[in-house]
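Here is a walk through a structure, taken one piece at a time. Keep the view open and follow along.

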Amino acid sequence: MKALQQNAYGPPDKVTVLVDLPEPEPKPGEIVVEVEAAAMHLADLKFINGDPGFRYFTFPRICGHEGIGHVIKLGAGVADYKIGDRVFLPVGAGTFRQRLAVPADDCPPAPAGDAKQLALTVINGMTAVILVDDYAGHLKPGDWLLQNGANSSCGRYIIKLAHDKGIKTCNIVRRESLIDELKALDADQVIVETGDPDKTAELVKTVTAGAELSIGLDCVASTGTETIGRCLAKDGTIVNYGFMTGKNCEVAFQDLFRKHVKLVGMSMQSPRTKEQRRAVYAKLAAMIAHGDLKAKIAATYTLDQIQAALAHQAKTGDDRQGKIIILPNG
Amino acid sequence: MVKLVSLPDPEPGPGEIVIRMEAAAVHIADLKNFTGERIFAAKPLPRIPGYEGVGRVARLGAGVTQFKVGERVFPWWSAGTFAERVATATRGASVKLGLDMVAGAATGRLMHCMADGGVVVNYGVMSGEPCTVPFSQMYHKDVTLKGMSAMHGMAKRNMAELRTIYSRLAAMIATGQLRAAIAGTYSISEYGEAFQHAGRTGAERDGKVIFTFDP
(Lines give C-alpha, C1' and ligand atoms only; values in the text may rest on other atoms or scores of the structure.)
Protein backbone atom coordinates (compact mmCIF):
# COMPACT_ATOMS: atom_id res chain seq x y z
CA MET A 1 0.00 0.00 0.00
CA LYS A 2 1.44 3.36 -1.08
CA ALA A 3 1.96 6.31 1.25
CA LEU A 4 3.94 9.58 1.20
CA GLN A 5 6.38 9.43 4.09
CA GLN A 6 8.36 12.38 5.49
CA ASN A 7 11.68 11.54 7.17
CA ALA A 8 12.99 15.01 8.14
CA TYR A 9 12.34 18.71 7.54
CA GLY A 10 13.59 20.11 4.26
CA PRO A 11 12.84 20.43 0.53
CA PRO A 12 9.94 18.08 -0.39
CA ASP A 13 11.90 16.09 -2.98
CA LYS A 14 14.72 15.50 -0.47
CA VAL A 15 12.77 14.59 2.67
CA THR A 16 9.63 12.85 1.40
CA VAL A 17 9.50 9.47 -0.26
CA LEU A 18 6.75 7.19 -1.54
CA VAL A 19 6.84 4.03 0.59
CA ASP A 20 5.06 0.70 0.50
CA LEU A 21 3.43 0.01 3.88
CA PRO A 22 1.67 -3.15 5.14
CA GLU A 23 -2.12 -3.15 4.74
CA PRO A 24 -3.73 -1.62 7.86
CA GLU A 25 -5.84 -3.76 10.17
CA PRO A 26 -8.53 -2.17 12.36
CA LYS A 27 -8.17 -2.39 16.14
CA PRO A 28 -11.38 -2.52 18.23
CA GLY A 29 -13.38 0.66 17.57
CA GLU A 30 -11.44 1.43 14.39
CA ILE A 31 -12.38 1.38 10.74
CA VAL A 32 -10.13 1.04 7.72
CA VAL A 33 -10.84 3.74 5.15
CA GLU A 34 -9.83 3.67 1.51
CA VAL A 35 -8.94 7.28 0.64
CA GLU A 36 -10.81 8.61 -2.39
CA ALA A 37 -9.51 12.17 -2.40
CA ALA A 38 -7.14 14.17 -0.19
CA ALA A 39 -6.77 17.96 -0.43
CA MET A 40 -3.30 19.47 -0.39
CA HIS A 41 -2.81 22.72 1.51
CA LEU A 42 -0.08 25.33 1.68
CA ALA A 43 0.38 24.12 5.26
CA ASP A 44 1.41 20.67 3.97
CA LEU A 45 4.44 22.30 2.33
CA LYS A 46 5.24 24.26 5.48
CA PHE A 47 5.06 21.07 7.56
CA ILE A 48 7.46 19.41 5.11
CA ASN A 49 9.83 22.39 5.00
CA GLY A 50 9.68 22.75 8.78
CA ASP A 51 8.86 26.46 8.68
CA PRO A 52 8.75 28.26 12.05
CA GLY A 53 5.59 27.24 13.89
CA PHE A 54 5.24 24.11 11.75
CA ARG A 55 7.75 21.85 13.48
CA TYR A 56 6.02 19.52 15.83
CA PHE A 57 6.40 16.11 14.29
CA THR A 58 8.43 13.04 15.04
CA PHE A 59 9.62 11.08 12.04
CA PRO A 60 8.82 9.14 10.03
CA ARG A 61 5.30 10.47 9.47
CA ILE A 62 2.74 10.17 6.69
CA CYS A 63 1.80 13.55 5.10
CA GLY A 64 -1.69 14.84 4.32
CA HIS A 65 -4.13 16.62 6.59
CA GLU A 66 -7.59 15.95 5.29
CA GLY A 67 -9.50 13.68 3.01
CA ILE A 68 -12.57 11.66 2.26
CA GLY A 69 -12.95 7.93 1.72
CA HIS A 70 -15.10 4.88 2.29
CA VAL A 71 -15.08 2.13 4.89
CA ILE A 72 -13.54 -1.15 3.76
CA LYS A 73 -13.01 -2.93 7.12
CA LEU A 74 -14.69 -2.72 10.52
CA GLY A 75 -12.95 -3.26 13.85
CA ALA A 76 -14.65 -5.04 16.75
CA GLY A 77 -17.48 -3.05 18.31
CA VAL A 78 -17.98 -0.54 15.48
CA ALA A 79 -21.73 -0.04 15.15
CA ASP A 80 -22.02 3.41 13.52
CA TYR A 81 -20.65 2.43 10.11
CA LYS A 82 -20.94 -0.41 7.65
CA ILE A 83 -18.69 -1.42 4.76
CA GLY A 84 -19.01 1.07 1.89
CA ASP A 85 -20.09 4.06 4.01
CA ARG A 86 -18.46 7.34 3.11
CA VAL A 87 -16.59 9.21 5.85
CA PHE A 88 -14.44 12.29 6.37
CA LEU A 89 -11.02 11.52 7.81
CA PRO A 90 -9.92 13.25 11.01
CA VAL A 91 -7.66 16.32 10.61
CA GLY A 92 -4.00 15.34 10.44
CA ALA A 93 -4.67 11.63 9.86
CA GLY A 94 -1.97 11.37 7.18
CA THR A 95 -4.24 11.18 4.16
CA PHE A 96 -1.65 10.97 1.36
CA ARG A 97 -1.90 7.18 1.39
CA GLN A 98 -4.19 4.57 -0.04
CA ARG A 99 -5.74 3.14 3.13
CA LEU A 100 -5.56 3.82 6.86
CA ALA A 101 -7.05 2.63 10.15
CA VAL A 102 -8.71 5.35 12.26
CA PRO A 103 -11.07 5.41 15.27
CA ALA A 104 -14.62 5.28 13.87
CA ASP A 105 -15.66 7.89 16.42
CA ASP A 106 -13.28 10.48 14.93
CA CYS A 107 -14.80 10.20 11.44
CA PRO A 108 -17.86 12.33 10.61
CA PRO A 109 -20.17 10.74 8.02
CA ALA A 110 -19.87 12.09 4.46
CA PRO A 111 -22.51 12.33 1.73
CA ALA A 112 -22.45 11.15 -1.88
CA GLY A 113 -21.11 13.69 -4.38
CA ASP A 114 -17.87 14.83 -5.99
CA ALA A 115 -15.07 13.53 -3.73
CA LYS A 116 -12.63 16.18 -5.03
CA GLN A 117 -14.89 19.01 -3.81
CA LEU A 118 -15.94 17.23 -0.60
CA ALA A 119 -12.27 16.68 0.31
CA LEU A 120 -12.16 20.34 1.40
CA THR A 121 -15.00 20.20 3.92
CA VAL A 122 -13.12 19.48 7.11
CA ILE A 123 -10.43 22.18 7.07
CA ASN A 124 -11.35 24.95 4.60
CA GLY A 125 -15.08 24.53 5.21
CA MET A 126 -14.85 24.57 9.00
CA THR A 127 -12.44 27.55 8.87
CA ALA A 128 -14.94 29.53 6.80
CA VAL A 129 -17.78 28.67 9.20
CA ILE A 130 -15.75 29.67 12.27
CA LEU A 131 -14.81 32.97 10.63
CA VAL A 132 -18.29 33.87 9.41
CA ASP A 133 -20.39 32.51 12.29
CA ASP A 134 -18.06 33.08 15.26
CA TYR A 135 -15.62 35.89 14.53
CA ALA A 136 -18.04 37.82 12.28
CA GLY A 137 -21.10 36.54 14.15
CA HIS A 138 -22.07 40.06 15.21
CA LEU A 139 -22.74 41.22 11.63
CA LYS A 140 -26.34 41.86 10.62
CA PRO A 141 -27.88 41.54 7.16
CA GLY A 142 -26.66 44.49 5.09
CA ASP A 143 -23.37 44.84 7.03
CA TRP A 144 -20.05 44.51 5.23
CA LEU A 145 -17.43 41.82 5.76
CA LEU A 146 -13.98 42.64 4.38
CA GLN A 147 -11.50 39.95 3.37
CA ASN A 148 -8.25 39.55 1.46
CA GLY A 149 -7.09 36.40 -0.30
CA ALA A 150 -10.70 36.19 -1.42
CA ASN A 151 -9.96 33.81 -4.28
CA SER A 152 -8.73 31.06 -1.95
CA SER A 153 -11.01 28.08 -1.37
CA CYS A 154 -11.72 29.42 2.07
CA GLY A 155 -12.30 32.93 0.70
CA ARG A 156 -14.81 31.60 -1.81
CA TYR A 157 -16.66 29.69 0.91
CA ILE A 158 -16.72 32.85 3.03
CA ILE A 159 -18.33 34.84 0.19
CA LYS A 160 -21.14 32.30 -0.09
CA LEU A 161 -21.68 31.68 3.63
CA ALA A 162 -21.82 35.44 4.30
CA HIS A 163 -24.13 36.02 1.32
CA ASP A 164 -26.54 33.37 2.64
CA LYS A 165 -26.78 35.40 5.87
CA GLY A 166 -27.44 38.64 3.97
CA ILE A 167 -23.95 39.96 4.78
CA LYS A 168 -22.20 41.86 2.00
CA THR A 169 -18.59 41.01 1.20
CA CYS A 170 -15.84 43.35 0.06
CA ASN A 171 -13.11 41.18 -1.39
CA ILE A 172 -9.48 42.04 -2.06
CA VAL A 173 -7.67 39.99 -4.73
CA ARG A 174 -4.36 40.27 -6.59
CA ARG A 175 -5.61 39.84 -10.17
CA GLU A 176 -8.17 41.75 -12.16
CA SER A 177 -9.19 38.54 -13.96
CA LEU A 178 -10.78 37.33 -10.71
CA ILE A 179 -13.30 40.15 -10.38
CA ASP A 180 -16.03 38.64 -12.59
CA GLU A 181 -15.30 35.14 -11.34
CA LEU A 182 -15.90 36.08 -7.70
CA LYS A 183 -18.89 38.30 -8.50
CA ALA A 184 -20.46 35.25 -10.14
CA LEU A 185 -20.12 33.55 -6.72
CA ASP A 186 -22.18 36.36 -5.10
CA ALA A 187 -19.26 38.57 -4.04
CA ASP A 188 -20.72 42.08 -3.64
CA GLN A 189 -17.51 44.00 -4.35
CA VAL A 190 -14.14 42.81 -5.60
CA ILE A 191 -11.14 45.11 -5.76
CA VAL A 192 -7.56 44.54 -6.82
CA GLU A 193 -4.83 45.03 -4.20
CA THR A 194 -2.84 48.17 -5.06
CA GLY A 195 0.16 47.29 -2.90
CA ASP A 196 -0.32 50.56 -0.99
CA PRO A 197 -2.49 50.27 2.15
CA ASP A 198 -3.71 53.88 1.85
CA LYS A 199 -4.74 53.48 -1.79
CA THR A 200 -6.43 50.13 -1.22
CA ALA A 201 -8.28 51.58 1.76
CA GLU A 202 -9.51 54.43 -0.47
CA LEU A 203 -10.83 51.89 -3.00
CA VAL A 204 -12.58 49.93 -0.25
CA LYS A 205 -14.11 53.12 1.07
CA THR A 206 -15.40 53.98 -2.39
CA VAL A 207 -16.97 50.61 -3.19
CA THR A 208 -18.57 50.26 0.26
CA ALA A 209 -19.85 53.86 0.10
CA GLY A 210 -17.91 54.74 3.24
CA ALA A 211 -19.54 52.03 5.37
CA GLU A 212 -18.06 51.50 8.85
CA LEU A 213 -16.23 48.18 8.60
CA SER A 214 -16.02 46.44 11.96
CA ILE A 215 -14.16 43.30 10.86
CA GLY A 216 -11.69 42.21 8.22
CA LEU A 217 -10.33 38.73 7.55
CA ASP A 218 -6.65 38.39 6.67
CA CYS A 219 -4.98 35.29 5.23
CA VAL A 220 -2.19 37.21 3.48
CA ALA A 221 -0.19 38.69 6.41
CA SER A 222 2.66 41.20 5.79
CA THR A 223 1.24 44.50 4.49
CA GLY A 224 -1.99 42.64 3.71
CA THR A 225 -2.71 42.78 7.44
CA GLU A 226 -1.81 46.47 7.52
CA THR A 227 -4.19 47.16 4.62
CA ILE A 228 -7.09 45.46 6.40
CA GLY A 229 -6.32 47.55 9.49
CA ARG A 230 -6.30 50.73 7.41
CA CYS A 231 -9.74 49.90 5.96
CA LEU A 232 -11.42 49.25 9.30
CA ALA A 233 -13.46 51.72 11.30
CA LYS A 234 -12.59 52.72 14.86
CA ASP A 235 -12.40 49.71 17.21
CA GLY A 236 -12.39 47.31 14.25
CA THR A 237 -10.97 43.79 14.42
CA ILE A 238 -8.52 42.14 12.02
CA VAL A 239 -8.83 38.35 12.19
CA ASN A 240 -5.72 36.67 10.85
CA TYR A 241 -6.05 33.04 9.74
CA GLY A 242 -3.26 32.51 7.24
CA PHE A 243 -0.03 33.95 5.85
CA MET A 244 0.11 33.37 2.13
CA THR A 245 3.04 35.79 1.86
CA GLY A 246 5.02 33.69 4.36
CA LYS A 247 5.76 36.94 6.21
CA ASN A 248 4.75 38.30 9.60
CA CYS A 249 1.50 40.17 10.15
CA GLU A 250 2.17 43.90 10.13
CA VAL A 251 -0.06 46.39 11.87
CA ALA A 252 0.71 50.08 11.71
CA PHE A 253 0.92 52.06 14.91
CA GLN A 254 -1.41 54.68 13.47
CA ASP A 255 -4.24 52.16 13.23
CA LEU A 256 -3.56 50.65 16.65
CA PHE A 257 -3.17 53.94 18.44
CA ARG A 258 -5.60 56.25 16.70
CA LYS A 259 -8.30 53.79 15.69
CA HIS A 260 -7.87 51.18 18.36
CA VAL A 261 -7.87 48.44 15.75
CA LYS A 262 -7.22 44.94 17.14
CA LEU A 263 -5.45 42.00 15.55
CA VAL A 264 -6.68 38.61 16.73
CA GLY A 265 -5.51 35.16 15.80
CA MET A 266 -8.06 32.63 14.69
CA SER A 267 -8.29 29.47 16.71
CA MET A 268 -9.74 26.30 15.24
CA GLN A 269 -10.57 25.25 18.80
CA SER A 270 -14.10 26.60 18.42
CA PRO A 271 -16.36 26.13 21.40
CA ARG A 272 -18.42 23.44 19.67
CA THR A 273 -19.30 20.02 20.99
CA LYS A 274 -18.68 16.99 18.83
CA GLU A 275 -22.37 16.95 17.87
CA GLN A 276 -22.27 20.62 16.91
CA ARG A 277 -19.13 20.08 14.82
CA ARG A 278 -20.81 17.19 13.05
CA ALA A 279 -23.85 19.37 12.37
CA VAL A 280 -21.55 21.96 10.78
CA TYR A 281 -19.85 19.29 8.65
CA ALA A 282 -23.22 17.94 7.57
CA LYS A 283 -24.43 21.39 6.50
CA LEU A 284 -21.17 22.16 4.68
CA ALA A 285 -21.06 18.76 3.00
CA ALA A 286 -24.65 19.15 1.79
CA MET A 287 -23.82 22.58 0.33
CA ILE A 288 -20.65 21.25 -1.32
CA ALA A 289 -22.42 18.16 -2.66
CA HIS A 290 -25.12 20.39 -4.20
CA GLY A 291 -22.53 22.74 -5.68
CA ASP A 292 -23.59 25.67 -3.49
CA LEU A 293 -20.02 25.84 -2.21
CA LYS A 294 -17.52 25.27 -4.95
CA ALA A 295 -13.73 25.29 -4.85
CA LYS A 296 -11.56 25.80 -7.89
CA ILE A 297 -9.56 22.63 -8.53
CA ALA A 298 -6.22 23.30 -10.23
CA ALA A 299 -5.28 19.68 -10.85
CA THR A 300 -5.50 16.15 -9.51
CA TYR A 301 -2.50 13.88 -9.01
CA THR A 302 -2.03 10.25 -8.05
CA LEU A 303 0.44 9.21 -5.33
CA ASP A 304 2.94 8.23 -8.03
CA GLN A 305 2.86 11.86 -9.22
CA ILE A 306 3.05 13.36 -5.73
CA GLN A 307 6.37 15.21 -6.21
CA ALA A 308 4.83 17.03 -9.18
CA ALA A 309 1.83 17.82 -6.97
CA LEU A 310 4.08 19.29 -4.26
CA ALA A 311 5.92 21.39 -6.87
CA HIS A 312 2.58 22.60 -8.22
CA GLN A 313 1.43 23.50 -4.70
CA ALA A 314 4.54 25.67 -4.25
CA LYS A 315 3.36 27.91 -7.12
CA THR A 316 0.95 30.74 -6.57
CA GLY A 317 -1.72 32.82 -8.35
CA ASP A 318 -2.06 32.21 -12.11
CA ASP A 319 0.65 29.56 -11.90
CA ARG A 320 -1.41 27.37 -9.60
CA GLN A 321 -5.08 28.29 -10.21
CA GLY A 322 -6.75 26.61 -7.28
CA LYS A 323 -6.54 23.54 -5.10
CA ILE A 324 -4.39 20.47 -5.66
CA ILE A 325 -6.23 17.21 -4.98
CA ILE A 326 -4.51 13.87 -4.46
CA LEU A 327 -6.33 10.74 -5.64
CA PRO A 328 -4.40 7.99 -3.79
CA ASN A 329 -6.23 5.20 -5.55
CA GLY A 330 -6.22 6.86 -8.99
CA MET B 1 11.43 73.69 11.02
CA VAL B 2 11.20 75.00 14.57
CA LYS B 3 12.10 78.43 15.84
CA LEU B 4 11.72 80.43 18.98
CA VAL B 5 9.29 83.29 18.49
CA SER B 6 8.04 86.06 20.69
CA LEU B 7 4.26 86.00 20.91
CA PRO B 8 1.92 88.46 22.60
CA ASP B 9 1.09 87.42 26.16
CA PRO B 10 -2.05 85.26 26.13
CA GLU B 11 -5.29 86.73 27.49
CA PRO B 12 -7.60 84.27 29.25
CA GLY B 13 -11.04 83.90 27.68
CA PRO B 14 -14.04 83.23 29.92
CA GLY B 15 -13.46 79.95 31.78
CA GLU B 16 -9.76 79.97 30.89
CA ILE B 17 -6.63 80.45 32.91
CA VAL B 18 -3.17 81.55 31.82
CA ILE B 19 -0.44 79.22 33.06
CA ARG B 20 3.14 80.33 33.57
CA MET B 21 5.07 77.20 32.60
CA GLU B 22 7.65 75.80 34.98
CA ALA B 23 8.74 72.66 33.14
CA ALA B 24 7.71 70.79 30.00
CA ALA B 25 8.74 67.29 28.99
CA VAL B 26 9.99 66.53 25.48
CA HIS B 27 8.59 63.27 24.05
CA ILE B 28 9.53 61.22 21.02
CA ALA B 29 6.09 62.17 19.72
CA ASP B 30 7.15 65.83 19.69
CA LEU B 31 10.02 65.01 17.36
CA LYS B 32 7.74 62.89 15.17
CA ASN B 33 5.45 65.87 14.95
CA PHE B 34 8.31 67.97 13.60
CA THR B 35 9.29 65.47 10.94
CA GLY B 36 5.65 64.87 10.08
CA GLU B 37 5.73 61.10 10.27
CA ARG B 38 2.45 59.54 9.19
CA ILE B 39 -0.09 59.93 11.97
CA PHE B 40 1.82 62.81 13.43
CA ALA B 41 1.49 64.92 10.29
CA ALA B 42 -2.05 66.13 10.72
CA LYS B 43 -1.46 69.28 12.72
CA PRO B 44 -2.09 72.67 11.07
CA LEU B 45 0.92 74.95 11.02
CA PRO B 46 2.29 77.14 12.47
CA ARG B 47 1.75 75.66 15.90
CA ILE B 48 3.30 75.75 19.33
CA PRO B 49 4.60 72.25 20.10
CA GLY B 50 4.60 70.56 23.49
CA TYR B 51 2.31 67.85 24.87
CA GLU B 52 2.66 68.22 28.58
CA GLY B 53 4.16 70.13 31.43
CA VAL B 54 3.47 71.76 34.74
CA GLY B 55 3.04 75.41 35.69
CA ARG B 56 1.31 77.90 37.93
CA VAL B 57 -1.84 79.89 37.32
CA ALA B 58 -0.81 83.41 36.30
CA ARG B 59 -4.17 84.93 35.34
CA LEU B 60 -7.82 83.96 35.67
CA GLY B 61 -10.47 84.37 32.99
CA ALA B 62 -14.04 85.44 33.77
CA GLY B 63 -16.01 82.89 35.74
CA VAL B 64 -13.04 80.78 36.90
CA THR B 65 -13.61 79.93 40.54
CA GLN B 66 -11.85 76.59 41.03
CA PHE B 67 -8.32 78.03 40.78
CA LYS B 68 -6.55 81.02 42.18
CA VAL B 69 -3.41 82.75 40.98
CA GLY B 70 -0.23 80.90 41.98
CA GLU B 71 -1.78 77.45 42.13
CA ARG B 72 0.10 74.65 40.42
CA VAL B 73 -1.71 72.93 37.51
CA PHE B 74 -1.15 70.47 34.70
CA PRO B 75 -2.12 71.94 31.32
CA TRP B 76 -4.38 69.76 29.19
CA TRP B 77 -2.80 67.45 26.61
CA SER B 78 -1.17 69.13 23.61
CA ALA B 79 -1.69 72.58 25.06
CA GLY B 80 1.56 73.69 23.39
CA THR B 81 3.66 73.60 26.50
CA PHE B 82 6.92 74.74 24.93
CA ALA B 83 5.91 78.30 25.76
CA GLU B 84 6.44 80.50 28.76
CA ARG B 85 2.73 81.15 29.15
CA VAL B 86 -0.17 79.03 27.98
CA ALA B 87 -3.87 79.80 28.04
CA THR B 88 -5.86 76.64 28.56
CA ALA B 89 -9.36 75.56 29.46
CA THR B 90 -9.63 74.75 33.15
CA ARG B 91 -10.04 70.98 32.78
CA GLY B 92 -6.24 70.72 33.26
CA ALA B 93 -5.98 68.47 35.86
CA SER B 94 -0.66 32.78 32.84
CA VAL B 95 1.03 35.78 31.01
CA LYS B 96 -2.19 37.22 29.84
CA LEU B 97 -0.99 40.73 29.21
CA GLY B 98 2.04 42.16 27.45
CA LEU B 99 2.86 45.83 26.97
CA ASP B 100 4.72 46.81 23.83
CA MET B 101 6.08 50.25 23.08
CA VAL B 102 8.85 49.17 20.73
CA ALA B 103 6.86 47.72 17.79
CA GLY B 104 8.63 45.96 14.89
CA ALA B 105 9.71 42.40 15.63
CA ALA B 106 9.58 43.09 19.39
CA THR B 107 5.77 42.88 19.22
CA GLY B 108 6.05 39.34 17.90
CA ARG B 109 8.53 38.41 20.62
CA LEU B 110 6.08 39.57 23.27
CA MET B 111 3.28 37.68 21.54
CA HIS B 112 5.45 34.58 21.80
CA CYS B 113 5.33 34.89 25.61
CA MET B 114 1.53 35.08 25.80
CA ALA B 115 -0.66 32.28 27.06
CA ASP B 116 -3.77 31.22 25.18
CA GLY B 117 -6.18 34.12 25.03
CA GLY B 118 -3.43 36.59 25.99
CA VAL B 119 -3.37 40.22 24.90
CA VAL B 120 -0.46 42.38 23.83
CA VAL B 121 -1.18 46.08 24.10
CA ASN B 122 0.94 48.29 21.88
CA TYR B 123 1.35 51.90 22.95
CA GLY B 124 4.43 53.14 21.23
CA VAL B 125 6.60 52.80 18.18
CA MET B 126 10.20 53.37 19.34
CA SER B 127 11.60 51.21 16.53
CA GLY B 128 9.64 53.28 13.99
CA GLU B 129 8.41 50.05 12.38
CA PRO B 130 4.95 48.51 12.13
CA CYS B 131 4.13 45.88 14.74
CA THR B 132 4.99 42.51 13.22
CA VAL B 133 3.61 39.23 14.52
CA PRO B 134 4.46 35.82 13.06
CA PHE B 135 1.45 33.75 12.04
CA SER B 136 2.76 30.92 14.21
CA GLN B 137 2.16 33.14 17.25
CA MET B 138 -1.37 34.04 16.16
CA TYR B 139 -2.89 30.80 15.06
CA HIS B 140 -4.33 28.32 17.54
CA LYS B 141 -3.72 30.69 20.44
CA ASP B 142 -6.55 33.20 20.16
CA VAL B 143 -4.15 35.97 21.11
CA THR B 144 -4.92 39.61 20.43
CA LEU B 145 -2.80 42.61 19.54
CA LYS B 146 -4.55 45.77 20.64
CA GLY B 147 -3.71 49.38 20.27
CA MET B 148 -3.73 51.56 23.32
CA SER B 149 -5.23 54.91 22.78
CA ALA B 150 -4.69 57.36 25.59
CA MET B 151 -7.53 59.53 24.34
CA HIS B 152 -9.74 56.48 24.23
CA GLY B 153 -8.79 55.48 27.77
CA MET B 154 -9.39 59.01 28.94
CA ALA B 155 -12.70 59.39 27.15
CA LYS B 156 -14.00 56.45 29.19
CA ARG B 157 -13.36 58.37 32.42
CA ASN B 158 -15.13 61.51 33.56
CA MET B 159 -13.24 64.60 34.63
CA ALA B 160 -13.51 63.74 38.34
CA GLU B 161 -11.99 60.32 37.71
CA LEU B 162 -9.22 61.82 35.61
CA ARG B 163 -8.43 64.32 38.33
CA THR B 164 -8.29 61.54 40.90
CA ILE B 165 -5.80 59.71 38.73
CA TYR B 166 -3.71 62.83 38.22
CA SER B 167 -3.72 63.64 41.96
CA ARG B 168 -2.66 60.13 42.81
CA LEU B 169 0.11 60.19 40.20
CA ALA B 170 1.22 63.67 41.23
CA ALA B 171 1.36 62.66 44.89
CA MET B 172 3.44 59.60 44.01
CA ILE B 173 5.74 61.71 41.84
CA ALA B 174 6.03 64.49 44.44
CA THR B 175 7.03 62.01 47.15
CA GLY B 176 9.48 60.28 44.82
CA GLN B 177 7.59 56.97 44.57
CA LEU B 178 7.41 57.45 40.83
CA ARG B 179 10.58 58.87 39.42
CA ALA B 180 11.60 59.46 35.84
CA ALA B 181 15.20 59.56 34.73
CA ILE B 182 15.89 63.12 33.61
CA ALA B 183 18.51 63.22 30.87
CA GLY B 184 18.89 66.96 30.81
CA THR B 185 17.10 70.22 31.41
CA TYR B 186 17.25 73.04 28.94
CA SER B 187 15.91 76.55 28.90
CA ILE B 188 13.45 77.15 26.08
CA SER B 189 16.04 79.26 24.22
CA GLU B 190 18.26 76.17 24.00
CA TYR B 191 15.56 74.31 22.09
CA GLY B 192 17.86 73.22 19.24
CA GLU B 193 20.17 71.38 21.56
CA ALA B 194 17.23 70.01 23.56
CA PHE B 195 15.52 68.48 20.52
CA GLN B 196 18.81 67.03 19.33
CA HIS B 197 19.26 65.41 22.72
CA ALA B 198 15.68 64.11 22.67
CA GLY B 199 16.33 62.55 19.26
CA ARG B 200 19.09 60.31 20.59
CA THR B 201 18.26 56.93 22.06
CA GLY B 202 19.31 54.55 24.83
CA ALA B 203 22.52 55.39 26.69
CA GLU B 204 23.02 58.38 24.37
CA ARG B 205 19.98 60.04 25.84
CA ASP B 206 19.41 58.35 29.21
CA GLY B 207 15.99 59.68 30.12
CA LYS B 208 13.63 62.55 29.54
CA VAL B 209 14.55 65.93 28.22
CA ILE B 210 12.82 68.75 30.11
CA PHE B 211 12.36 72.39 29.25
CA THR B 212 12.52 74.81 32.10
CA PHE B 213 11.27 78.36 32.06
CA ASP B 214 12.89 81.25 33.88
CA PRO B 215 10.80 82.29 36.85
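Leaving aside its neighbours within four places in sequence, which residues is Leu131(A) in contact with? They are Ala136(A), Ile158(A), Leu217(A), Val239(A), Tyr241(A) and Met266(A). Bear in mind that this is a predicted model.

Leu131(A) belongs to the largest nonpolar core, which has 103 residues. Together with Ile158(A), Leu131(A) touches the most other members of that core. Another core lies apart from it and has 12 residues. Its members include Met21(B), Val57(B), Ala194(B) and Ala198(B).

Now the domains of chain A. Domain 1 takes in 2–120 + 295–326, and domain 2 covers 123–265. Their C-alpha centres lie 30 Å apart. Where the two domains meet, domain 1 of chain A supplies 10 residues and domain 2 of chain A supplies eight. On the domain 1 side of that contact, four residues are nonpolar, three are polar and three are charged.

Begin with the strands at the start of chain A. An open sheet of three strands runs in the order S2-S1-S4 (chain A), and its pairing is antiparallel. Strands S2 (16–20) and S4 (61–62) of chain A stand at the edges. Each has a single partner strand, so one side of each is left without a neighbour in the sheet. Strand S1 (residues 2–6) of chain A is joined to S4(A) by two bridges. Look for Gln5(A): its bridge partner in S4(A) is Ile62(A).

Other antiparallel pairs involve S5(A). Strand S3 (residues 30–40) of chain A and strand S5 (residues 68–74) of chain A run antiparallel, joined by six bridges. Within this pair, Ala37(A) is bridged to Ile68(A). S5(A) also runs antiparallel to strand S6 (residues 86–88) of chain A, with three bridges between them. There, the bridge partner of His70(A) is Arg86(A).

Next comes a sheet that draws on both chains. It is open, has nine strands and shows mixed pairing. The order is S10(A)-S9(A)-S8(A)-S11(A)-S12(A)-S14(A)-S8(B)-S6(B)-S5(B). Its edge strands are S10 (189–192) of chain A and S5 (97–100) of chain B, each of which pairs on one side only. From one strand to the next, the twist averages 20 degrees.

Take a parallel pair from this sheet. Strand S11 (residues 215–218) of chain A pairs with strand S12 (residues 237–240) of chain A over four bridges, in the parallel sense. Ile215(A) has Thr237(A) as its bridge partner in S12(A).

Which helices lie across strands of this sheet? Helix H5 (residues 153–164) of chain A lies across strand S8 (144–148), strand S9 (168–173) and S11 of chain A. H5(A) runs at about 165 degrees to S9(A). Helix H8 (residues 223–231) of chain A lies across S8, S11, S12 and strand S14 (262–265) of chain A. H8(A) runs at about 170 degrees to S11(A).

Follow the sheet across to chain B. S14(A) and strand S8 (residues 144–147) of chain B run antiparallel, with three bridges joining them. One of the residues to pick out is Val264(A), whose bridge partner in S8(B) is Thr144(B).

How many residues of each chain take part in the contact between chain A and chain B? There are 26 residues of chain A in contact with 26 residues of chain B. Strand S13 (249–251), helix H9 (253–259) and S14 of chain A each supply at least two residues to the chain A side. H9(A) gives the most, with six residues. By class, the chain A side has 14 nonpolar, seven polar and five charged residues.

Chain B itself has six helices and 10 strands. Of its 215 residues, 24% count as buried.

End with a residue of chain A. Ala282(A) sits in helix H10 (residues 274–289) of chain A. Is Ala282(A) buried or partly exposed? Ala282(A) is partly exposed, because 15 other C-beta atoms lie within 10 Å, and a residue counts as buried at 20 or more and as exposed at 12 or fewer. Ala282(A) and the core residue Ile158(A) are 124 residues apart in sequence, and 17 Å apart in space, C-alpha to C-alpha.

Conventions: Residues are numbered from 1 along each chain as its sequence is written. Chains are lettered from A and ligands numbered from 1 in the order in which they are written. This is a predicted model: local features need pLDDT of at least 70, side-chain atom pairs count only at pLDDT 80 or more; totals for chains, interfaces and linings use all residues. A nonpolar core is a set of buried Ala, Val, Leu, Ile, Met, Phe, Trp, Tyr and Cys residues joined through C-beta atoms within 7 Å. Two residues are in contact if their C-beta atoms, placed from the backbone, lie within 7 Å. Two strands pair if DSSP finds at least two bridges between them. Axes are lines fitted to C-alpha atoms, for helices over the stretch in contact, and angles run from 0 to 180 degrees between N-to-C directions. Ala, Val, Leu, Ile, Met, Phe, Trp, Tyr, Cys and Pro count as nonpolar, Asp, Glu, Lys and Arg as charged, and the others, Gly among them, as polar. Domain bounds come from an automatic or database domain assignment.
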